[in-house]
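Grab a coffee and open the viewer. Here are a few exercises to work through with the model on screen.

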Amino acid sequence: MSGSPEITPSDFGRLFAALRHCVLVHDAETKAILWANPAACAVLGFTVDELKPLKAPDMSSNARQYAREIGVTWLQRAVDEGTSTIEWCYRSKTGVDILTEAVAVRVDLAAGPVVMVQFRDIAEEKATRRDLFRTEGRLHTFLRNLDEGIVVLDGDGRTLFASATAATLLGGEPDDLLGIDFAGFLAPESAALLREALTTSSQGLSPRNARYRLATPGGADGPARWFAARCQYIDIEHDLRGLLLLFHDITDTVRAEDEHRHDAQYLNHLARYNAMGDMAMAIAHEVSQPIAAAHNFVAGVRSRMNGDGGNLGWGLENATKQLDRAALILSSLRQYVVHLEESKQLVDLNDIVTDCAYFVDVRANQNSVALHWDRTAEALPVNCEKVLIGQVVLNLAFNAVEEMAQWPHERRTVVVATRRHDAYAVVEVRDTGRGLPHPPFGQIFDGAFSTKGNGHGIGLALSHRIVTRHGGDIQATENTPHGTVFRVRLPLLHK
């Protein structure tokens, strides 16, 4: 190119001396040092004249892998094969070891062959590599021991990455999951949720977390397995891009929730059933009186009739039969209600309260009420119908939560506590609401008392009936400084 400076043979020396890489030149036959560039002299701390008489032990680490015969063999390999690379630890004039990557190259000069060694300090690089290996090893260990599975899905829902835990949860090996349509592991309704998450992610929006049901080998009738998944879009240096799912097995949790839901339905059924029994008793009692009076009136009319009365007598006789039949029906109803079959069992009152906690927590959260559980560590064995006593606890706790929902947030507190008192197991429900009105407390359990605008008092009456059936009692007292304490006592069962 016109105007460009020409490089002369004498310039190559200056160019070579300006190199940042360290260079040593060895005699191909004796392996003695012939020359070193300024960069090598600066790193090793020797001048060229000081380097020339040095042997390998004078400028290399004392470690066995850097012995002179190994260095000579390395240089000779470059002479024989043209090039040879080694990890070599030089030692500076001040005694500092310098770990390097050294490349030996045979160069044929006019005066004969030499070996040119280029080396660079790799101590920092080695330390970084060791840190990376150590970090990678720890990450692998963490991933192997995580309860959560990790998968990354592309836009079509195919697996780009799967952790060992994910493979264990889904059944198989991580490599077996790669490229697989992840929706194939899910039941149809859960596969639709996953497709929705993929669509949301592709639009740059945050997909919502969800519960997914796994497809079971036995079809819809097989035992269901569930996992909860947290979803997030990731883009790691454009190398791993897609929907990240972190999921863990919640099958036991879902089954427990189903059992709680079933128990709640059963409790509601029993509550209605018992309330119907109470109402049937009241109806039987009230209706039996007018039926008896009507029976007396018919008998009086017949006694005042002359002769048999013809059709009138026949009508009165049949009316009497119908009244007798109605009385028999009411009597049978009362006997049925009174003799309902009981199913008692030995149970810890603490366990009953624990079983109710889920439902009460849900109601408290809905009303932003702080709920405190103060269960004694001491066993409280009682002989009772577990579901019915649980209904009592729920009735009292729900009433307390609904009462506190009417007050400012800072005051919304309900405490449910258990303890032993003398020969009784006790459960208390305390609120800090308006307290009870002034009529005698005993009246609140007679079925006519309620503080709710749409209440009818059946809950408290039903609770009283259940507790007294079990040989216990239920009390209501003022809380201090304000509010109400409902206290249920059941006889302790002594082993």
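What follows is a set of tasks, each with a worked solution.

Before you start, note that this is a predicted model, where local features need pLDDT of at least 70 and side-chain atom pairs count only at pLDDT 80 or more, while totals for chains, interfaces and linings use all residues. Residues are numbered from 1 along each chain as its sequence is written, and side-chain values use heavy atoms, with hydrogens and water left out.

**Exercise 1. Work out how strand β5 pairs with β1 and β4.**

Step 1: Find the strands, which are DSSP runs of E with at least two residues, numbered from the N terminus (helices are runs of H or I, at least four residues). β1 covers residues 22-27 and β5 covers residues 112-121, while β4 covers residues 97-109.

Step 2: Check the pairing, which requires that DSSP finds at least two bridges between two strands. β1 and β5 run antiparallel, with six bridges. β4 and β5 are antiparallel too, over 10 bridges.

Step 3: Pin down the register. C22 sits opposite F119 in β5, and A104 sits opposite V117 in β5.

Step 4: Look at the turn. Two residues make up the hairpin connection from β4 to β5.

**Exercise 2. Dissect the largest nonpolar core.**

Step 1: Get the rule straight. A nonpolar core is a set of buried Ala, Val, Leu, Ile, Met, Phe, Trp, Tyr and Cys residues joined through side-chain atoms within 4.5 Å. Buried means under 20% relative accessible area, exposed means over 50%, and partly exposed lies in between (1.4 Å probe, protein chains only).

Step 2: Pick out the hubs. This core has 41 residues, and L349, L396, V414 and V488 touch the most other members.

Step 3: See who contributes. Elements that each supply at least two residues include α12 (349-366), α13 (386-404), β14 (413-421) and β17 (484-491). The largest share, 11 residues, comes from α13.

Step 4: Zoom in on L349. Setting aside neighbours within four places in sequence, L349 has contacts (heavy atoms within 4.5 Å) with L380, V382, I389, A425, V426, V427 and L490.

Step 5: Don't miss the other one. A second, separate core has 30 residues, among them C22, A39, L51 and L54.

**Exercise 3. Track down some salt bridges and say how exposed the partners in E69–R64 and R225–D249 are.**

Step 1: Apply the cut-off: a side-chain nitrogen of Lys or Arg within 4 Å of a carboxyl oxygen of Asp or Glu. The structure has 22 such bridges.

Step 2: Start with E69 and R64, whose side chains meet at 3.3 Å, N to O. E69 is partly exposed at 45% relative accessible area, whereas R64 counts as exposed at 56%.

Step 3: Move on to R225 and D249, with their closest N and O atoms 3.4 Å apart. This pair links distant parts of the chain, 24 residues apart: R225 lies in β9 (residues 225-236) and D249 in β10 (residues 240-249). Both count as partly exposed, R225 because its relative accessibility is 30% and D249 because its value is 35%.

Step 4: Add D235 and R241, again a salt bridge with the closest N and O atoms 3.4 Å apart. D235 is partly exposed at 36%, and R241 is partly exposed at 41%.

Step 5: Finish with a network: E101, R120, E125 and R129 are linked by salt bridges.
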